[in-house]
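Open the model in your viewer and keep the selection tool handy. We will walk from one stop to the next, picking residues as we go.

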Amino acid sequence: MNWLKRFTLSLFSDTWAKESTKCGFANILLTSVLAVIFLFLGIFAGKTLTFSAYYGGAEEFREFVYNAFIGSETAEPISVTIKDGKANISSGGGDVLINTFTDENDKSVYAFNGYQFIADSRNVSSVYDDFEAYCVKNGGTEEISYESYKNLGESEKKSYRFAVRYTGREKPITDTDAETYINFLKSLDDEDVNARLKELEDKKAELSAENYNRSVYALYVDKYYPDIYSVTGERIPTLRGYYYFLTLKSEGTYFCLFGDMAIASFKSYSYGIISFGGIYGENNGFAVSDGDNRVAADKFIKSLYYDGLPLLFLVELMNCVFLIIVAELIIAGCMLLCFALNKIKKKEFCDTFGKCAKLIGSYSHIAAFISAVAAVCSGFVLTGSAVALGAYGAFATIMVVRTLVLLLCNEKRENPTSGEADGAGFRTELI
């Protein structure tokens with residue numbers, strides 16, 4: 001029972017905090033781990049669980065969604081059917097390809113309240129774009145083809161930078177094209193390329209003609225355009241990249257439905273710009289019916305977001321190294337602060353770093369828990385990284401204030417007759 005009191009009440013009770021200095025070091029490890037867990041869960045919840053509030057504060061975006069999915073005098077309603085985690089997007093019984101960024105007819109029908117709309121049932125992340133590679137004169141706008149660039153001398157090449165122009169068209173790769181790519185790759189006399197070509201040939205019987213040609217093309221692009229990743233962020237330009245660069249022109253107001261996922265960015269007047277990526281659940285989807293279609297459309301959008309939370313949780317979990325470092329630095333900093341102040345005042349109850357570590361560790365997890373709750377609440381006011389920064393700030397503040405208050409109160413108890421002068425002197429030394 002005493003252990004439980006020390007474990008839960010040290011943040012609020014000097015008595016139980018000081019008792020923790022008599023315990024073992026295992027408690028420090030446990031509380032430090034719990035502190036990281038609480039902060040992670042609080043920040044994740046603060047960033048994600050408030051999505052419904054964000055969406056509720058985005059009236060113009062909701063009206064845009066209703067215009068697209070429920071239809072209007074000019075827009076046919078759109079249906080989304082989900083099967084095996086993939087979406088089929090249709091309108092009037094037929095498949096649709098909508099792009100309000102580039103098609104004026106689509107823009108007149110589906111662009112609404114300043115929002116752009118894209119609907120493409122293909123898995124755009126795996127569809128190659130029929131891109132155009134070219135080079136631009138440094139400091140100017142003069143363009144030359146990539147083939148012309150390759151024929152320049154080394155000194156002349158330094159005057160140009162590599163560039164890529166997406167077309168939005170799917171790249172056709174015929175058997176003849178694949179043969180041309182293979183001939184080029186063999187001409188390089190590169191051991192790595194030859195090994196990869198041999199590996200492809202060995203697997204050719206197991207691959208469809210389409211997949212074989214795509215693999216050859218991928219190797220060709222990698223070798224023929226060595227700078228392509230630094231420009232596009234993709235090893236092979238895809239329609240996903242094409243659509244991504246289009247959305248950059250929208251100032252954070254777009255909604256894209258693809259066969260494999262959805263992405264959106266909208267203005268929530270209470271919270272600013274909200275961007276998210278969503279995946280399709282088997283029970284999700286939308287079709288106009290006799291019921292309340294607006295409620296159904298809202299449910300579809302929210303499901304896109306919340307169905308993706310398990311995957312987002314794993315991604316955030318794998319990228320939480322920074323959180324661990326910050327949390328442990330705050331804890332270690334408070335331990336050093338406690339040790340330094342006790343050395344200055346020559347206090348016996350925390351005269352070693354080990355005792356200070358046990359003392360600080362005894363309440364770090366509760367401080368983190370309170371900070372996590374604050375992070376969840378701040379999610380209704382802040383968004384994105386601001387939630388995390390707020391949580392770190394709250395954790396550091398609670399830890400430092402609690403440590404200073406404990407030391408001040410202990411000084412007061414040990415010197416009850418010193419009066420205000422001694423107390424002020426101690427405070428001066430702290431500063």
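**Stop 1: the second largest pocket**

Start by selecting helix 13, residues 239-247: with five residues, this helix gives the most to the lining of the second largest pocket. Bear in mind throughout that you are looking at a predicted model. The pocket has a volume of about 240 Å³. To see its lining, add Thr232, Gly233, Glu234, Arg240, Gly241, Tyr243, Tyr244, Phe245, Phe258, Met261 and Ile263 to your selection. Colour these by class and you should find six nonpolar, three polar and two charged residues.

**Stop 2: the five-stranded sheet**

Keep Phe258, one of the lining residues, on screen, and now select strand 9, residues 254-258, together with strand 10, residues 262-268. These two strands run antiparallel and pair over four bridges. For one of the contacts between them, pick leucine 257: its bridge partner in strand 10 is alanine 262.

Now widen the view. Strands 9 and 10 belong to an open sheet of five strands, ordered 4-5-9-10-11, with mixed pairing. At the edges are strand 4 (97-99) and strand 11 (272-278), each of which pairs on one side only. Neighbouring strands here are turned by 15° against each other on average, ignoring direction. As a reminder while you rotate the view, strands of a sheet pair through backbone hydrogen bonds, either parallel or antiparallel.

Which helix lies across strand 5, strand 9 and strand 10? Select residues 59-69 and you have helix 5, which runs at about 40° to strand 9. Showing strand 5 (116-120) as well completes this part of the picture.

**Stop 3: the largest pocket**

Follow the sheet to its edge at strand 11. This strand provides six residues to the lining of the largest pocket, the largest share. How big is the volume of this pocket? It comes to about 370 Å³. There are 21 lining residues, and those closest to the centre of the pocket are Thr48, Ser275, Phe276, Tyr305 and Leu312. Show these five as sticks and use them to centre your view.

For the wider lining, select helix 3 (26-48), helix 4 (51-56), strand 11 and helix 15 (309-318), the elements that give two or more residues each. By class, the lining is made up of twelve nonpolar, seven polar and two charged residues.

**Stop 4: an aromatic pair**

Helix 4 also leads to the next stop. Among the 46 aromatic pairs in the structure is the one formed by phenylalanine 51 and tyrosine 306. Turn the view until you see the two rings edge-to-face, with 6.0 Å from centre to centre and 90° between the planes. Phenylalanine 51 sits in helix 4 and tyrosine 306 in helix 14 (residues 293-306), so this pair ties together parts that are 255 residues apart in sequence.

**Stop 5: the three-stranded sheet**

Next, select strand 6 (residues 132-137) and strand 8 (residues 160-165), which pair in the antiparallel sense over six bridges. Pick lysine 137 and look across to strand 8, where tyrosine 160 is its bridge partner.

Then bring in strand 7 (residues 143-145), which pairs with strand 6, again antiparallel, over three bridges. Two bridge partners to label in strand 7 are glutamate 143, facing valine 136, and serine 145, the partner of tyrosine 134. Five residues lie between strands 6 and 7 in this hairpin, and among them you can check glycine 139, which takes a positive phi near 75°.

Together the strands make an open sheet in the order 7-6-8, with antiparallel pairing. Strand 7 and strand 8 are the edges, each pairing on one side only. The twist averages 35° from one strand to the next.

**Stop 6: a cavity to finish**

The last stop is an enclosed space. The structure holds two cavities of 30 Å³ or more, and the second largest has a volume of about 40 Å³. Which residues line this cavity? Select Trp3, Arg6, Phe7, Ser20, Cys23 and Asn27. Helix 1 (residues 2-9) gives the most to this lining, with three residues. By class, the lining has three nonpolar, two polar and one charged residues.

Note on methods. Residues numbered from 1 in each chain as written. Predicted model: local features only at pLDDT ≥ 70, side-chain atom pairs only at ≥ 80, totals over all residues. Heavy atoms only, no water. 1 Å grid on protein atoms, 1.4 Å probe; cavity = no way out; pocket = protein on both sides within 12 Å on 5 of 7 lines; lining within 4 Å. Points joined across faces, edges and corners; volume = space filled by probe spheres on them. Nonpolar A, V, L, I, M, F, W, Y, C, P; charged D, E, K, R; others polar. Pairing = 2+ DSSP bridges. Axes fitted to C-alpha atoms, helices over the stretch in contact; angles between N-to-C directions. Contact = heavy atoms within 4.5 Å. Phe/Tyr/Trp six-rings, centres within 6.5 Å; stacked < 30°, edge-to-face > 60°.
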